[in-house]
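Here is a short tour of one protein model, written for someone who likes to have the coordinates open alongside the text. Please load the structure and follow along.

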Amino acid sequence: MSKPEQPPRELVSFIESLNEPHILCDRNYRILAANEAYRVKWVGQREVVGRTCYEVSHRYSVPCDQAGESCPLQRSLRSGQRERIVHLHHTHLGEQFENIELTPIRDDTGEIAYYIEKLDPLPVQRSEEHARGLLGRSPAFLAMMEMVARVAPSDAAVLLQGESGTGKELVANAIHQLSRRSAKPFVAVDCSGLAETLFESELFGHERGAFTGAVTRKVGLVEAAAGGTLFIDEVGDIPLTIQVKLLRLLETGTFRRVGSTELLKADIRVVSATHRPLSDMVADGRFRQDLFYRLNIFPIYLPALRDRREDILLLAEGLLARLVAGRNLRFSREAIAWLRDYAFPGNVRELRNLLERACLLCDGDEIDLRHLPSAGEIRSSRAPAGLADRTALTDHALLEFARSFSGNRKALARQLGLSERTLYRRLKALEG
């Protein structure tokens with residue numbers, strides 16, 4: 001490798017004066033200088049000056065855009081402006097998400113000659129990433145993480161949209177961790193699991209004697225999240241009568257406990273999530289338009305696992321390491337091919353469930369096709385085929401399918417084409 005050119009002393013002096021990790025690069029990705037904060041960050045590696053940024057950060061032999069990722073340098077060359085992007089980088093602490101800000105520096109002819117790159121680690125818990133799936137380097141996943149990094153420092157309401165199993169609560173938690181509210185509570189409420197009669201009390205709390213059975217005052221989830229983040233999961237399941245009160249909370253920042261006239265102030269940041277098409281629900285009157293606009297200030301789409309296939313093996317290895325801590329277990333070549341080819345309709349949640357099952361079935365040190373579901377097993381875990389009206393399932397068939405289904409009741413209802421309430425009533429009658 002040829003010796004790198006000597007960069008302007010003024011630029012080197014400038015980045016040395018900065019507290020955050022910065023490097024100076026040329027247009028050919030070559031690192032010309034690195035400040036003390038960057039050198040400390042990359043302790044344990046060889047000298048970085050003279051090496052390419054993609055080799056140091058990613059251990060690639062080619063630039064990021066040639067390896068299937070978005071390259072901030074190429075983006076800046078095209079736009080001629082500062083660019084921001086999220087990447088998964090190798091560091092002496094392991095792989096970490098980092099927010100990269102790249103600033104072009106022009107010479108006296110107006111041409112871009114250098115780049116100053118700032119690296120800002122995203123403090124998302126690594127254990128949670130590996131345990132539950134907030135891990136990836138595909139363009140779709142990194143684009144989502146870039147949106148997370150941009151909105152997290154604000155107090156804007158965020159609406160997470162995506163299929164079940166894509167990790168909406170984990171992304172909501174990441175937004176909380178990256179916000180100024182990270183030291184305060186993160187409180188989640190699953191709207192699909194609440195009966196309408198209890199919803200208002202659960203959310204806003206109640207006073208003693210507010211209704212039959214209210215023997216003490218109860219603090220609601222809005223109060224419990226004071227100063228922090230309230231995550232409203234499956235917001236599309238909120239009854240219309242409660243949607244009005246949630247709208248008032250978002251518009252005025254105030255609420256009342258059930259049975260009280262006292263107006264209380266709410267200091268919370270709201271992140272909501274749904275797998276339902278809220279815009280369609282607004283059109284047919286099942287969801288309030290004004291509430292939709294309040295929640296949808298900053299929408300983030302979570303890609304399905306089939307849309308980020310290059311992340312499947314990375315996720316599988318990370319999840320496997322958590323599931324079999326202390327045990328040396330790997331995937332066979334055939335198992336890797338199976339994982340990459342499978343569509344994963346249940347997304348990351350399904351991947352984790354499949355791996356947990358495989359670990360229990362495997363007595364050796366290699367997971368192979370014997371430990372993964374067959375086509376027949378996959379079919380049997382879903383709703384019976386060929387039924388024009390799934391509500392016509394016999395009681396026996398419904399019970400058998402419910403007992404063999406690996407997902408939760410909400411997923412079971414979707415597979416059967418029933419509402420959760422209908423499914424609940426039928427199962428309760430059969431099991432009672």
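The report below goes through the cavities, the sheet, two helices and one loop residue.

## Cavities

Please keep in mind that this is a predicted model. A useful starting point is the empty space inside: rolling a probe the size of a water molecule over the atoms shows where such space is left. Here the structure holds 2 cavities of 30 Å³ or more, and the largest cavity has a volume of about 110 Å³.

Which residues are the closest to the centre of the largest cavity? Of the 15 residues in its lining, they are C53, C64, P72, H87 and E117. Two or more lining residues come from each of helix 3 (53–58), helix 4 (72–79), strand 3 (83–91) and strand 4 (94–106). Helix 3 gives the largest share, with 4 residues. By chemical character, the lining of the largest cavity divides into 10 nonpolar, 4 polar and 1 charged residues.

## The parallel sheet

Further along the chain you will find an open sheet of 5 strands, in the order 7-10-13-6-14, with parallel pairing. At its edges are strand 7 (186–190) and strand 14 (298–301), each of which pairs on one side only. From one strand to the next, the twist averages 20°.

For a look at one pair, take strand 10 (residues 229–233) and strand 13 (residues 269–274), which pair in the parallel sense over 4 bridges. In this part of the sheet, I232 stands opposite S272 of strand 13.

## Two helices

Helix 6 (residues 139–151) lies across three strands of the sheet, namely strand 6 (158–161), strand 13 and strand 14. Relative to strand 14, helix 6 runs at about 155°.

Helix 8 (residues 196–204) is worth a look for its buried residues, which are F199, S201, L203 and F204. In general, an α-helix has 3.6 residues a turn, so residues three or four places apart point the same way. Just after helix 8 comes G205, whose phi is positive, at about 85°.

## A loop residue: T52

Back towards the start of the chain, T52 sits in the loop between helix 2 (36–41) and helix 3. Is T52 buried or exposed? T52 has a relative accessible area of 10%, and the cut-off for buried is under 20%, so T52 counts as buried.

What is T52 in contact with, leaving aside its neighbours within four places in sequence? The partners are N28, Y29, R30 and I31.

How values were computed. Residues numbered from 1 in each chain as written. Predicted model: local features only at pLDDT ≥ 70, side-chain atom pairs only at ≥ 80, totals over all residues. Heavy atoms only, no water. 1 Å grid on protein atoms, 1.4 Å probe; cavity = no way out; pocket = protein on both sides within 12 Å on 5 of 7 lines; lining within 4 Å. Points joined across faces, edges and corners; volume = space filled by probe spheres on them. Nonpolar A, V, L, I, M, F, W, Y, C, P; charged D, E, K, R; others polar. Pairing = 2+ DSSP bridges. Axes fitted to C-alpha atoms, helices over the stretch in contact; angles between N-to-C directions. Contact = heavy atoms within 4.5 Å. Buried < 20%, exposed > 50% of the residue type's maximum accessible area, 1.4 Å probe, protein only.
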